[in-house]
Amino acid sequence: MKEIVVLSGKGGTGKTSLTLALAGLGPEKVLADCDVDAADMHLVLHPEVQETHEFISGERAWIDPQVCTECGECIEHCRFEAIDPSFRVRDELCEGCALCSHVCPVGAVQMLERHCGSWYKSLTRFGPLVHASLGIGEENSGKLVTTVRTEAGAWAEENGAELVLVDGSPGIGCPVIASLTNADLALIVAEPTMSALSDLERIFDLVEHFGIAAQVVVNKSDINNELVERIEAICSDRGIPIIGRLGYDQAVTRAQIAGQTILEYDPDNLGQTIRDIWKNLEISL
Amino acid sequence: MRLAIASGKGGTGKTTVAVNLATILAGLGQEVTLADCDVEEPNAHIYLGADWLYQEQQSVPVPQIDTSACLGESCLKCVQECRFKALIWMVDAVMVFPELCHSCGLCQYLCPSGAISEGIRNIGLLRSAKSRGISLVGGLLRVGEAMAPPLIKRVKETADANAGLQIVDAPPGASCPVIASVEDADYVVLVAEPTPFGLHDLRLTVELLKSLRLPFGVVINRDGMGDGRVDDFLAEADIPVLARLPHSQKAASISSKGQLLVERHEDFLGYFEQLWSAIQSFSPRVESSESR
């Protein structure tokens with residue numbers, strides 16, 4: 001079983017549209033939406049949820065106002081400024097370290113389980129999907145990503161599926177690192193803009209840091225030829241193959257509006273390019 | 001006055017809005033600081049053509065164990081109490097996993113023998129520049145570092161030292177790095193794209209801002225590229241549309257080169273002026289930028 005994660009560094013380059021299109025090709029697979037901050041795959045996949053699981057991770061502090069003497073020890077020791085002057089814990093800033101519960105001289109602080117969101121096992125027209133929704137303002141997105149990825153892997157084992165296809169999140173921080181762990185290949189979506197170019201080098205550095213092989217698809221490849229050449233130069237310097245190019249096409253947005261993948265919406269033009277990309281991808285697996 | 005620019009979805013145009021707005025305000029003689037809080041993928045300096053005048057390595061404290069003072073297996077308080085599993089007992093010593101540490105200080109506080117002191121973990125660079133009359137402060141997260149919020153806090157603290165208006169360019173998403181960037185803003189400008197993905201991620205961010213009790217309005221970017229569902233949602237939820245930036249190939253081309261729309265596209269100068277007056281009318285606190 002192989003695991004491919006689709007990443008880009010910069011947001012909005014077309015990760016999810018590409019992942020969805022690839023979902024319709026190749027062997028039996030399990031899909032995983034690891035962009036738990038802003039999960040969008042379900043908008044096109046219309047999953048039938050089979051199982052819903054609560055995601056409980058870490059703790060948060062709660063100060064019992066009946067017991068609290070407002071001595072200020074907790075505020076002084078908390079490094080996250082998570083306790084306001086009226087001795088209420090600001091949930092969105094609390095990291096659940098429990099230092100306040102240790103420094104409180106009267107035992108007013110309780111550590112409570114943290115419900116950070118939910119994750120789901122669903123069925124779609126392209127096979128199983130593991131996805132999640134992070135609670136509003138919750139942290140631990142990295143751990144939720146790990147849960148989604150691990151569950152997708154376990155489901156693939158169970159079904160004898162050959163592939164786990166993961167849609168990652170933008171950036172290079174904790175959720176991206178969590179989605180990269182265990183991946184056999186990072187498929188990176190590049191875009192010929194100055195911002196995306198700088199972000200591309202950062203995501204290359206990250207996959208290199210974790211020793212994971214990478215391949216590139218250039219999206220919106222016709223909006224700036226000079227920058228496409230720079231992408232090509234960077235990729236060739238680093239020995240990262242470019243396995244496909246997609247021109248800017250409003251059909252990508254129209255497909256989204258129609259609730260379809262670009263392979264379904266435009267099987268001849270965009271669809272053919274996607275099939276070629278898959279062929280190249282298949283060779284390297 | 002602190003104005004944050006945010007969006008759930010990536011690539012909707014946060015940085016475009018932040019740099020162009022900062023540029024016209026600086027042009028009006030306003031004192032403006034731009035805090036680039038997208039420390040994972042910072043880009044504001046590209047558009048402003050800024051050269052960093054100052055760069056400094058930043059770190060967070062992580063435990064360092066003096067094995068000669070450690071009480072060993074008879075104690076293990078630090079190992080048992082660390083919520084992040086950053087300390088474990090390995091054969092005959094406490095071992096630290098600095099990448100997992102949240103720098104809370106619990107282990108040091110609990111250690112009965114004073115065997116724990118503070119070492120450091122590098123988190124990236126803090127840097128600043130001046131360009132087009134704008135003070136730019138930013139961070140560059142070390143590749144491999146998972147936690148962005150500590151560096152985001154440094155960026156904001158540094159920006160806070162400047163007077164005048166502060167514009168915060170937030171990272172995408174709706175979790176901790178976004179919260180760290182926007183939680184103390186006086187007003188938030190959400191940049192949304194009129195597509196199904198754009199709408200879904202906008203909804204998430206709206207919920208987040210409501211839970212943080214922050215006032216906000218929306219800029220619709222690439223207006224006309226998708227459908228009308230973002231408009232319907234905003235009307236129904238009674239959320240103000242501050243400005244519309246039309247879907248334009250010329251604008252996309254200017255931005256792709258890392259150039260400023262307000263300097264290269266006459267229409268966009270007008271749109272950003274409209275945006276600024278809308279921000280002023282919807283957010284009463286913005287008017288007197290001196291009284292931050």
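Reader: How many residues does each chain bring to the contact between chain A and chain B?

Author: A contact of this kind is read one side at a time. In this predicted model, chain B gives 53 residues and chain A gives 50 residues.

Reader: Which elements give two or more residues to the side of chain B that touches chain A?

Author: They are helix 4 (106-110), helix 6 (176-182), helix 7 (196-211) and helix 9 (249-256) of chain B. Helix 7 of chain B supplies the largest share, eight residues. Sorted by class, this side of chain B has 23 nonpolar, 20 polar and ten charged residues.

Reader: Turning to chain A, at what angle do helix 7 and helix 8 of chain A pack?

Author: Two quantities are read together here, the angle and the axis distance. Helix 7 (residues 194-209) and helix 8 (residues 225-238) of chain A pack at about 15°, and their axes are 11 Å apart. Angles under 35 degrees count as roughly parallel, so helix 7 of chain A is roughly parallel to helix 8 of chain A. The crossing of these two helices of chain A is right-handed.

Reader: Which residues make the contact between helix 7 and helix 8 of chain A?

Author: Helix 7 of chain A contributes Leu197(A), Leu200(A), Glu201(A) and Phe204(A). From helix 8 of chain A come Leu227(A), Arg230(A), Ile231(A), Ile234(A) and Arg238(A). By class, the residues of this contact are six nonpolar, no polar and three charged.

Reader: What share of the 285 residues of chain A counts as buried?

Author: The share is 54%. The secondary structure of chain A comprises eleven helices and nine strands, and its C-alpha atoms fill a box of roughly 70 × 40 × 35 Å along the principal axes.

Notes:
Residues numbered from 1 in each chain as written. Chains lettered and ligands numbered in written order. Predicted model: local features only at pLDDT ≥ 70, side-chain atom pairs only at ≥ 80, totals over all residues. Helix = DSSP H or I, 4+ residues; strand = E, 2+ residues; numbered from the N terminus. Buried ≥ 20, exposed ≤ 12 C-beta atoms within 10 Å, placed from the backbone. Contact = placed C-beta atoms within 7 Å. Nonpolar A, V, L, I, M, F, W, Y, C, P; charged D, E, K, R; others polar. Axes fitted to C-alpha atoms, helices over the stretch in contact; angles between N-to-C directions. Parallel < 35°, antiparallel > 145°, perpendicular 65-115°, else oblique. Left-handed = near helix turned anticlockwise from the far one by under 90°.
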